[in-house]
Amino acid sequence: MNFPRPKRPRRLLFVPAALAALTALVPGALAAVPTELPEPEQGLNLLVVGLDTRKGVTAEEKERFRLGGQGCDCTDVMMLVHVSAANDRVDVVSLPRDSLTSFPADHRDRRTGKVHAAHPAKINSAWAEGGSSFAVETVESMTGLDVHRYLEIDFRRFMDTVDRVDGGVPICTAEPLKDPSTGIDLQPGTKRVAGGEALQYVRSRKADGQMDFGRIHKQQKFVVNTLERLREGVLDDPEQLHDFAAALRGTAEAERGISTGELLTLAARLRDLPPDRMEFATVPVRGFNANIEGVGSTLAWDEEGAAEVFGRMREDRPLPVAGDVAPSTIPVGTYAPAAGASLICP
């Protein structure tokens, strides 16, 4: 599915929304960082991806946290974040990794050097074939939105960043959660986790019968609960705050990659943003497509529902409510946006 691309605005606000919302809550914490930045015209769009790669992970960590096996070097997490032009609302829309897309002709595969004809593919293979720039272009083509900034996080960086949160990040479940693939084994209630266990949690998709949709929901909950924990400690310490942002950003070069300085500078613009001004959703899906040779099982977006979601983001309006989008043939995949405050663990 391809939507018409709007004209790129001249002035943009570059910020990774979740972290910026977190880091901006302490007055004076960013006093040493420049804050004179141009105002956005229709708000900011940031693409956050999580890479399935074990680079830098030790053998002991692979065994302890069930990280063995071969990484796909693809994007198993894709979140499109929109920050309103008034800096008073953040919308996060997850894009399931198995979403069907089509890669254009004359694209050169960075792994093999081969120039491909146009072909169907899963959205998560865009990074594998063409790196960050191709991932950005694919998301822009599918949504009709400009991606202004990009942030990618691999297993190593995710664990290191979470480990910088003193006392860990709370995760909670109403039912027992046991996933033989990731090794996560939780009883009902709330538990604080460090980097390795946090990675097991956000990777889990075989414990609750909700497939990748359940994993997406866990990832969104984890973002909100990390926000709450940072309010309790990291935000009070400018040096620790900078170290957290630097760990999240890493050193990898990427197309339109956000910088540590941009993370901190633009965080100041969202200092008054509470969790209930963040909304999380998954792009509306119609159901599963028939298997495609060489691609496998894929998800079909609900074209009308997706157009409504991305149209509102493009116009800098709130996401549509659940009743405005037709239900999916996959019940757990039905569009159901949730306010950030509702995702906080007790």
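Start by selecting R156 in this predicted model. R156 is buried, with a relative accessible area of 18%. That falls under the 20% cut-off for buried. Keep R156 on screen and add E61: the two form a salt bridge, with their closest N and O atoms 2.6 Å apart. Now colour the helices they sit in. R156 belongs to helix α4 (residues 155–162) and E61 to helix α2 (residues 59–64), so this pair ties together parts that lie 95 residues apart in sequence. E61 is buried too, at a relative accessible area of 14%.

Stay with R156 for one more stop, because R156 also helps line the second largest pocket. To see the whole lining, select L51, T53, K55, D73, W127, E152, D154, R156, R157, G250, T251 and A252. The pocket has a volume of about 290 Å³. What classes of residue make up its lining? Six are charged, three are polar and three are nonpolar.

Next, hop to R215 and D76. Their salt bridge has its closest N and O atoms 4.0 Å apart, and it links distant parts of the chain: R215 is in helix α6 (residues 211–231), while D76 is in strand β2 (residues 75–83), 139 residues away. Are these two buried or exposed? Both are buried. Widen the selection to D76, R97, D98, K122, D212 and R215, and you have a network linked by salt bridges.

For a bridge inside one helix, go to E308 and R312. Their side chains meet at 2.7 Å, N to O. Both residues lie in helix α9 (residues 303–314), four residues apart, or about one turn of the helix. Compare how they sit: E308 is partly exposed, with a relative accessible area of 30%, whereas R312 is buried at 17%. Across the model, the count comes to 16 salt bridges.

Now leave the charges and look at the greasy side chains. The largest nonpolar core has 45 residues, and F158, Y201 and F222 touch the most other members. Pick F158 and show its neighbours: leaving out residues up to four places away in sequence, F158 touches I153, G195, A198, L199, V202 and F222. Apart from this core lies another one, of 30 residues; select I123, W127, V147 and V309 to see some of them. You have already met W127, as one of the residues lining the second largest pocket.

Definitions and conventions. Residues are numbered from 1 along each chain as its sequence is written. This is a predicted model: local features need pLDDT of at least 70, side-chain atom pairs count only at pLDDT 80 or more; totals for chains, interfaces and linings use all residues. Side-chain values use heavy atoms; hydrogens and water are left out. On a 1 Å grid over the protein atoms alone, a cavity is a set of points where a 1.4 Å probe fits but cannot get out, and a pocket is an open set with protein on both sides within 12 Å along at least five of seven lines; lining residues have an atom within 4 Å of a point. Grid points are joined across faces, edges and corners, and a volume is the space filled by probe spheres set on the points. Ala, Val, Leu, Ile, Met, Phe, Trp, Tyr, Cys and Pro count as nonpolar, Asp, Glu, Lys and Arg as charged, and the others, Gly among them, as polar. A nonpolar core is a set of buried Ala, Val, Leu, Ile, Met, Phe, Trp, Tyr and Cys residues joined through side-chain atoms within 4.5 Å. Buried means under 20% relative accessible area, exposed over 50%, partly exposed in between (1.4 Å probe, protein chains only). Contact means heavy atoms within 4.5 Å. Helices (H or I, at least four residues) and strands (E, at least two) are DSSP runs, numbered from the N terminus.
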